[in-house]
Amino acid sequence: MRYAFSLAVAYPFRACAVLALVLCSAFVTPAIFATAATPTPTVDLDISKFAFTPKEITIAPGTKLTWTNRDETPHTVASSDKSFASKGLDTDDKFEHTFASEGDFNYICTVHPFMTGVVHVRKQ
Ligand SMILES: [Cu+2]
């Protein structure tokens with residue numbers, strides 16, 4: 001069930017569809033979960049020289065972004081709408097967030113608020 005939980009976190013709508021399928025099926029097997037799973041698309045971003053790189057990015061819903069701090073200075077990744085926030089990231093620390101739904105997500109480094117970035121989540 002831990003797998004089902006992570007599926008629900010990463011793909012809430014797909015998880016609902018899978019759940020409906022399970023509830024309707026008299027022949028439930030773990031294979032249903034295995035065939036429903038698709039790899040999560042991932043994109044890597046850098047935090048380097050006091051900037052998010054790329055500063056602006058457009059992704060499809062369900063994409064996971066991973067920020068890596070390449071600076072010697074601690075940084076954070078924190079959205080304006082408080083939908084995600086990292087802890088302080090030391091050198092080479094990573095922060096991941098999966099964007100489930102469409103929208104524009106502005107974020108900053110709370111230590112250096114002049115560091116800004118934006119994620120556009122759009123169906124493609
Ligand atoms: Cu910073």
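Tutor: Two strands pair if DSSP finds at least two bridges between them. Strands here are DSSP runs of type E with at least two residues, and helices are runs of type H or I with at least four, both numbered from the N terminus. The model before us is predicted, so local features need pLDDT of at least 70 and side-chain atom pairs count only at pLDDT 80 or more, while totals for chains, interfaces and linings use all residues. Residues are numbered from 1 along each chain as its sequence is written.

Student: Which elements does the protein have, and in what order do they run?

Tutor: The protein has three helices and eight strands. From the N terminus on, the order is α-α-α-β-β-β-β-β-β-β-β.

Student: What makes E5 and E7 a pair?

Tutor: DSSP pairing asks for at least two bridges, and E5 and E7 have two bridges, in the antiparallel sense. They therefore count as paired. At alanine 78, the bridge partner in E7 is isoleucine 108.

Student: Why are E3 and E5 called edge strands?

Tutor: Both belong to an open sheet of four strands in the order E3-E8-E7-E5, with mixed pairing. Strand E3 (56–59) and E5 each pair on one side only.

Student: What makes the pairing in this sheet mixed?

Tutor: E3 and E8 run parallel, with four bridges, and the bridge partner of isoleucine 57 in E8 is valine 119. E7 and E8, by contrast, are antiparallel and joined by six bridges. Phenylalanine 105 also stands opposite valine 119 in E8.

Student: Which strands form the open sheet that contains E1, and which are its edges?

Tutor: That sheet has four strands in the order E2-E1-E4-E6, again with mixed pairing. Its edge strands are strand E2 (51–53) and E6, each pairing on one side only. From one strand to the next, the twist averages 25° (an angle from 0 to 180 degrees between the N-to-C directions of axes, which are lines fitted to C-alpha atoms).

Student: How do you know that the pairing of E1 with E4 is parallel or antiparallel?

Tutor: Strand E1 (residues 42–48) and E4 run parallel and are joined by six bridges, and valine 43 has leucine 65 as its bridge partner in E4. E4 and E6 run antiparallel, also with six bridges, and tryptophan 67 has phenylalanine 95 as its partner in E6. E1 and E2 are antiparallel with three bridges; there, aspartate 46 is matched with threonine 53 in E2.

Student: What lies between E1 and E2 in their hairpin?

Tutor: Two residues lie between these strands, and lysine 49 in the turn has a positive phi of about 55°.

Student: Why is methionine 115 called partly exposed?

Tutor: A residue is buried if 20 or more other C-beta atoms (placed from the backbone) lie within 10 Å of its own, exposed if 12 or fewer do, and partly exposed in between. Methionine 115 has 19 such atoms, so it is partly exposed. This residue is in the loop between strand E7 (103–108) and E8.

Student: What makes alanine 85 partly exposed?

Tutor: Alanine 85 has 13 C-beta neighbours inside 10 Å, and therefore counts as partly exposed. Its place is the loop between strand E5 (78–79) and strand E6 (94–99).

Student: Which residues are in contact with methionine 115, leaving aside neighbours within four places in sequence?

Tutor: They are Phe50, Ala51, Phe52, His75, Ile108 and Cys109; contact requires C-beta atoms, placed from the backbone, within 7 Å. Histidine 75 is 40 residues away from methionine 115 in sequence, and their C-alpha atoms are 9.4 Å apart. With the same neighbours left aside, alanine 85 is in contact with Thr76, Ala78 and Ser79.

Student: What makes a set of residues a nonpolar core, and how many residues has the largest one?

Tutor: The set must consist of buried Ala, Val, Leu, Ile, Met, Phe, Trp, Tyr and Cys residues joined through C-beta atoms within 7 Å. The largest has 12 residues, including Phe52, Trp67, Phe95 and Val119. Strand E4 (63–69), E6 and strand E8 (116–121) each give two or more residues to this core.

Student: How do the side chains along E8 divide between the faces?

Tutor: In a regular strand the side chains alternate between the two faces of the sheet. Along E8, Gly117, Val119 and Val121 point to one face and are buried, whereas Thr116, Val118 and His120 point to the other and are not.

Student: What share of the protein counts as buried?

Tutor: Of its 124 residues, 15% count as buried.

Definitions and conventions:
Two residues are in contact if their C-beta atoms, placed from the backbone, lie within 7 Å.
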